[in-house]
Amino acid sequence: MNRDRMKHGLSSSLQAKPGTFSKMLEGTGLQSIEINKLQNEIKVRERDLEASRREITTLKSTTSSNERQLQQKANEMERLKERTLKAEQQAAAAAKELSTLKVDKRKLESAVSDVQRQNDRLKEKVTQLSSKVCRGHVSCGRICITIVQCCVSQRAYSLTLSPSFTFLLP
């Protein structure tokens, strides 16, 4: 039994019969000093325990806060991923549309080039026709016309003759 008490920090001098505790306190100052030491040690350990509890509470609070922040960041990252995916889809659609527009542009440029060539050919024909037309001779019996305007658009070619003749060319 003495060994058990020694293990728990109690000295063998504290083994007393009931009612003799007050005599022991009066008897020696060593016992009261040891009691004071033990009480002080208990107070220190209680303060350490309270500090540890506060630290645990602080750590739990910090951990909880960090978990909330982590969840917020994960949610934000998910939103950013969705926005990035939408932006990539829009960029792909825009690239496809741009490609289609480039093809259409090439077709239109080719059509314009064809129209210009046809216009040039028509101008040549008009020039040839105007050189064949008799100018200013009413007595020769031919119809004399003067070319006033040659207009070429994408859909039709028109040749305006004076005074009021207009011919549509294919």
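User: In this predicted model, is E109 buried, exposed or partly exposed?
Analyst: The model is a prediction, and the relative accessible area of E109 in it comes to 45%. Buried would require a value under 20% and exposed a value over 50%, so with 45% the class that applies to E109 is partly exposed.

User: Which residue meets E109 in a salt bridge?
Analyst: The partner lies in helix 3 together with E109, four residues away, which is about one turn of the helix. This partner counts as exposed, at 51% relative accessibility, and the N to O distance of the pair is 3.8 Å, inside the salt bridge limit of 4 Å. The side chain that meets E109 is therefore that of K105.

User: How far apart are the closest N and O atoms of R45 and E41?
Analyst: R45 and E41 are four residues apart in helix 3, which spans residues 29-132, so about one helical turn separates them. Of the two, R45 is exposed, with a relative accessible area of 55%, whereas E41 is partly exposed at 38%. They form a salt bridge, and the closest N and O atoms are apart by 2.8 Å.

User: Which residue forms a salt bridge with R117?
Analyst: R117 is partly exposed, its relative accessible area being 42%, and its partner is likewise partly exposed, at 32%. Both lie in helix 3, three residues apart, or about one turn of the helix. The side chains meet with an N to O distance of 2.8 Å, and the partner of R117 is D114.

User: How many salt bridges does the structure hold?
Analyst: Among them are the pair of R45 with E41, the pair of K105 with E109, and the pair of R117 with D114. For the structure, the number of salt bridges is three.

User: What pattern does the protein chain follow when read along the sequence?
Analyst: The protein chain contains three helices and three strands, and helix 3 covers residues 29-132. Read along the sequence, the elements follow the pattern α-α-α-β-β-β.

User: What share of the residues of the protein chain count as buried?
Analyst: The accessible surface of the protein chain comes to about 14900 Å², and 56% of this surface belongs to carbon and sulfur atoms. Among contacts with a separation of 6 or more, residues 24 or more positions apart account for 20%. Of the 170 residues in the protein chain, the share that count as buried is 8%.

User: What is the mean pLDDT of the protein chain?
Analyst: Over residues 1-13 pLDDT stays under 50, and the model has eleven contacts beyond four places in sequence for them; over residues 163-170 pLDDT also stays under 50, with 14 such contacts. Where pLDDT is low, the predicted coordinates should not be read in detail. Across the protein chain, 61% of the residues reach 70 or more, and the mean pLDDT is 77.

Terms used:
Residues numbered from 1 in each chain as written. Predicted model: local features only at pLDDT ≥ 70, side-chain atom pairs only at ≥ 80, totals over all residues. Heavy atoms only, no water. Helix = DSSP H or I, 4+ residues; strand = E, 2+ residues; numbered from the N terminus. Buried < 20%, exposed > 50% of the residue type's maximum accessible area, 1.4 Å probe, protein only. Contact = heavy atoms within 4.5 Å. Areas by Shrake-Rupley, 256 points an atom, 1.4 Å probe, with all protein chains shown as cover. pLDDT = per-residue confidence, 0-100.
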